[in-house]
Amino acid sequence: MRAATVLLAATLALGHWGQCQSVTSAEIPARNLKFEKGDAVPGLSISPVVVIPAQCTSDGVMYLDTLKPTDPRDRTVVAIGDKKSRSFSASGIGDLHDVTFISFFPTSSTVAFLVRATKEASTEERIVTTSEGSSVVPVSKGEYRYYIAKFDSNGNYKGYIVLPPGYAFSRIAILSSGDFLVSGYDGANATARVLRVSSNGDPAGVVALPPPMLEGAPSGLPDSPESLMASARMMSTILFTPYRDSVLLWRIGSKGPILEVSAGGGVREVSIQAPPGAVLADLLPATDRWVGHFRSPGVAADSSSPVETFNGDSYYEINPGDGGLTSRLTQSGEVPGTISCESDGTFLAFETDADHHFFLLSAR
Amino acid sequence: MKVFRAVSLMLGASMLACLLHAQSGCSQANTYYITCQNQPGQPTCQQGVYLTIPSSSAYGINMAPGYVSCCGTNILSYYAAGGCQIAELRNPKVREMLDELAMTLPIRVASCKGRYVAYTPTPQWTPQIQSTSFRNLLPGQGGAGVGR
């Protein structure tokens, strides 16, 4: 081996990756979560693709929105708890047709699907032309609307309510009063809206969104493909997270604020102290605390690398009162990289293997 | 051997600074450009090489450790070594669908280690640096070989 020198200058070669920046977390106490991996959940074959955020109910059941990689329209919600699993599928909605699953929200007694569908079963043939050519396809004669389809916790379908027209709805949440929150894009006014809807579908109010949650609205022609894409992108970042009897409304990729919507529809806005340079990647469903998953911009993901400690993500407990960071969560043991939720002091995460077995990881 | 250790240690310190901050939000460096030169009395060599350190979002590509030669010193780097073990996700058509889906839906996909990570569109992970950019940027200096 030839001798080489000491002169060694390391610089970042690609602008895509930023510089190391220290988060001033010295005053924030660290709390370690030692994860343990459970056995494979019997009978559950989990998809390698899931839609975030994962949801957890107050009884510690984790719900995942999974999709089939070869057919993204094929979505299944899987509930995992106490080494058992059950599935919820839009195919169980017998009185709606041509159902497209959009999102879902669970509580310990009800699972609600937000879907787009038609009540009309009969179809007519229409010629549809795409870049791949023209083809004749069956299209429903009826009107397509957005619906909330309700299931009990065992997966039995319990009926639907129809949502107001004029919105492209995106996400759903259930308040403990039984009312629903739904986020949707108001195309006529080119803005995002969050509506409160009663359990029978009647409008019950509007949650006013602060300016940071409205950034990114499309500016082009309302029905252009670019505008539709931009509005879908914006709406996909506005998310709901359950917390006690409330629902937290927040935006992925933002530094806050967080809106806490109470069972009666009251709204409290909390500014949060995001770590320097970091934005919210997730706000974990939790029963007794706020837990923020933060990520530095430009850092696309977490720990799939062979360098296990190369993890740009960070987790902090947040004071629900003033939005301050109260503790930094570190991980050890069977480190999952991404934590899904907290339930009565237990943090839950999951992983799979090449055979699609599902493993729950937990830490107290 | 002593000098080799010195090089490794200095590089290690550079990387370690990032690793130490990783838990608290350090941006994840992926490709470093380093320059090396021989000590006085040794045959003249001044060379620059790229080192690839996998970002945590290197989903879908198994990154294997290897070495880049810099003035005769082998320095640890990583190179792409085949697809992810999750079979469905190796299919280019599936990746195309996921690329499109990820534009409007926050999805996570199982990594090669079975951990679910935010999906990163495919093109970002085409590992071209060592075979092309290096030689283009440093003509006449020969490419640093990458081997195991």
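A:Pro257 sits in the loop between strand 18 (246-251) and strand 19 of chain A, and the peptide bond leading into A:Pro257 from A:Gly256 is cis, with omega near 5°. Keep in mind that this is a predicted model, scoring ipTM 0.75 and pTM 0.72. Below is a quick tour of the sheets, loops and cores, followed by a look at chain B and its confidence values.

**Around strands 19 and 20 of chain A**

- Just past that loop, strand 19 (residues 258-261) of chain A runs antiparallel to strand 20 (residues 267-270) of chain A, and four bridges join the two.
- One of the pairings puts A:Val261 across from A:Val267, its bridge partner in strand 20 of chain A.
- The hairpin of these two strands has five residues between them, and there A:Gly265 takes a positive phi near 100°.

**Another cis proline, and positive phi outside glycine**

- A:Ile52 and A:Pro53 are also joined by a cis peptide bond, with omega about 0°.
- Unlike a loop proline, A:Pro53 is found in a strand, namely strand 3 (residues 49-56) of chain A.
- A:Ala190 isn't a glycine, yet its phi is positive, near 50°.
- You'll find A:Ala190 in the loop between strand 14 (180-186) and strand 15 (191-197) of chain A.
- A:Ala190 counts as partly exposed, because 16 other C-beta atoms lie within 10 Å.
- A:His356 is another non-glycine residue with a positive phi, in this case near 70°.
- Its place is the loop between strand 26 (346-352) and strand 27 (357-363) of chain A.
- With 17 other C-beta atoms within 10 Å, A:His356 is partly exposed.

**The 7-8-11-12 sheet of chain A**

- Four strands of chain A make an open, antiparallel sheet in the order 7-8-11-12.
- At its edges are strand 7 (97-106) and strand 12 (157-162) of chain A, each of which pairs on one side only.
- On average, neighbouring strands of this sheet are turned by 30° against each other, direction ignored.
- In the middle of that order, strand 8 (residues 110-118) and strand 11 (residues 144-152) of chain A pair in the antiparallel sense over nine bridges.
- A:Thr118 stands opposite A:Tyr144 of strand 11 of chain A.

**The 13-14-15-16 sheet of chain A**

- Four strands of chain A also form an open antiparallel sheet in the order 13-14-15-16.
- Strand 13 (167-174) and strand 16 (203-207) of chain A are the edges; each has a single partner strand, so one side of each is left without a neighbour in the sheet.
- From one strand to the next, the twist averages 30°.
- Strand 13 and strand 14 of chain A run antiparallel and are joined by seven bridges, and A:Ala173 stands opposite A:Leu181 in strand 14 of chain A.
- Helix 1 (residues 225-235) of chain A packs on this sheet, touching strand 13, strand 14 and strand 15 of chain A.
- The direction of helix 1 of chain A makes about 155° with that of strand 14 of chain A.

**Nonpolar cores**

- In soluble globular proteins, nonpolar side chains tend to be buried together.
- The largest nonpolar core here has 104 residues, and A:Met62, A:Leu114 and A:Val115 touch the most other members.
- Leaving aside neighbours within four places in sequence, A:Leu114 is in contact with residues including A:Ile102, A:Phe104, A:Tyr146, A:Ile148, A:Phe169 and A:Val182.
- A second, separate core of nine residues includes B:Cys36, B:Val68, B:Cys70 and B:Cys71.

**Chain B and how far to trust it**

- Chain B has three helices and seven strands, following the pattern α-β-β-β-β-α-β-β-α-β along the sequence.
- Of the 148 residues in chain B, 41% are buried.
- Among contacts in chain B with a separation of 6 or more, 47% link residues 24 or more positions apart.
- The average pLDDT of chain B is 57, and 44% of the residues score at least 70.
- By element, mean pLDDT is highest for strand 5 (residues 107-110) of chain B, at 86, and lowest for helix 3 (residues 129-137) of chain B, at 28.
- Residues 1-29 of chain B have pLDDT below 50, though this stretch has 73 contacts in the model beyond near neighbours in sequence.
- Residues 123-148 of chain B also stay under 50, with 36 contacts beyond four places in sequence.
- Where pLDDT is low, the predicted coordinates should not be read in detail.

Conventions: Residues are numbered from 1 along each chain as its sequence is written. Chains are lettered from A and ligands numbered from 1 in the order in which they are written. This is a predicted model: local features need pLDDT of at least 70, side-chain atom pairs count only at pLDDT 80 or more; totals for chains, interfaces and linings use all residues. A residue is buried if 20 or more other C-beta atoms lie within 10 Å of its own, exposed if 12 or fewer, and partly exposed in between; C-beta atoms are placed from the backbone. Two residues are in contact if their C-beta atoms, placed from the backbone, lie within 7 Å. Two strands pair if DSSP finds at least two bridges between them. Axes are lines fitted to C-alpha atoms, for helices over the stretch in contact, and angles run from 0 to 180 degrees between N-to-C directions. A nonpolar core is a set of buried Ala, Val, Leu, Ile, Met, Phe, Trp, Tyr and Cys residues joined through C-beta atoms within 7 Å. pLDDT is the predictor's confidence in each residue, from 0 to 100.
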